[in-house]
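Reader: I would like to go through the place where the ligand is held, one question at a time. Could we begin once the model is on display?

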Amino acid sequence: MKFFVDTADLSEIKDLASTGLLDGVTTNPSLVAQAGAKSFITLIENICKVVKGPVSAEVAATDYPTMLKEGQRLAKIAKNVAVKVPLTPDGLKVCRHLSDNGTMVNVTLCFSASQAILAAKAGAAFISPFVGRLDDISMDGIQLIRDIVQIYRQYPSFKTEVLVASVRHPLHLVEAAKIGAHVATIPPKVIRQLYAHPLTDKGLAAFVDDWKKTGQTILDAA
Ligand code: G3P
């Protein structure tokens, strides 16, 4: 399973990239606004220098002509830019055009299996189903991932990777991995939660204490 980090905060991206666990980054207009970047283009340039995997940069317009121009501009920033477009008729027309011209496209704001079929037919590199936002309205976000993965597996011509988004907690990741989703884009806070277990902390503390009792050191050993 590939791990993308879901943030536009460059310092968070640098910190998490140092773990060696990051395969990409996803941003969106809300995350960019939260990060307070002065220049979106410069921000994406800098992220693409830190993480060599796909970096999603979302168009701002909603009409076909302007989204296409924006997407072409974003694609020029770096080879690893994945242009993000919304799952609308115009967004999928842009997806088709950009994909046919060799640009990675991440189709976002997906909330149904029928939408995911359209994105695959439009040549998307990634589809981003928002599991957390479905859970937020008492629907089953993980069931959507199960449905999309099952459908995509029926058609080898579909090259679209399922990129699980709107991840709220570690169990979203575990369930998506059990299903075989290709990618999860994970907020920094949730990535850090993945490490945590009280028995690991307790066991390590016991190892440290017991080692101290031996009175030995590894580095000074003859
Ligand atoms: O990548 C999409 C993700 O940022 C949306 O997450 O928490 O706003 O539903 P959320």
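Reader: Which helices each supply at least two residues of the lining of the largest pocket?

Author: This is a predicted model, and the largest pocket in it is lined by 18 residues. Of the helices, H2 gives the most to that lining, with three residues. Those that each supply at least two residues are helix H2 (29-35) and helix H10 (188-195).

Reader: Where does the ligand sit?

Author: The lining residues that lie nearest the centre of the largest pocket are Asp-6, Asn-28, Leu-31, Arg-133 and Ser-166. The residues around the ligand include Asp-6, Asn-28, Leu-31, Arg-133 and Ser-166 as well. About 280 Å³ of space lies in the largest pocket, and the ligand sits in the largest pocket.

Reader: How many residues of the shell around the ligand are charged?

Author: Among the residues around the ligand are Asp-6, Lys-84, Arg-133 and Arg-168, and residues of these kinds, Asp, Lys and Arg, count as charged. By class, the shell has three nonpolar and two polar residues, while the charged ones number four.

Reader: What share of the area that the ligand exposes when taken alone does the protein bury?

Author: Polar side-chain atoms approach the ligand's oxygen atoms at several points: an N or O atom of Asp-6 is 2.5 Å from one oxygen atom of the ligand, and for Arg-133 the corresponding distance is 2.7 Å. A polar side-chain atom of Asn-28 lies 3.0 Å from an oxygen atom of the ligand. Taken alone, the ligand exposes 310 Å², and the share of this that the protein buries is 80%.

Definitions and conventions
Residues numbered from 1 in each chain as written. Predicted model: local features only at pLDDT ≥ 70, side-chain atom pairs only at ≥ 80, totals over all residues. Heavy atoms only, no water. Near = heavy atom within 4 Å. Polar contact = N/O pair within 3.5 Å; in protein donor to acceptor, adjacent residues only side chain to side chain. Areas by Shrake-Rupley, 256 points an atom, 1.4 Å probe, with all protein chains shown as cover. 1 Å grid on protein atoms, 1.4 Å probe; cavity = no way out; pocket = protein on both sides within 12 Å on 5 of 7 lines; lining within 4 Å. Sits in = over half its atoms within 2 Å of the grid points. Points joined across faces, edges and corners; volume = space filled by probe spheres on them. Helix = DSSP H or I, 4+ residues; strand = E, 2+ residues; numbered from the N terminus.
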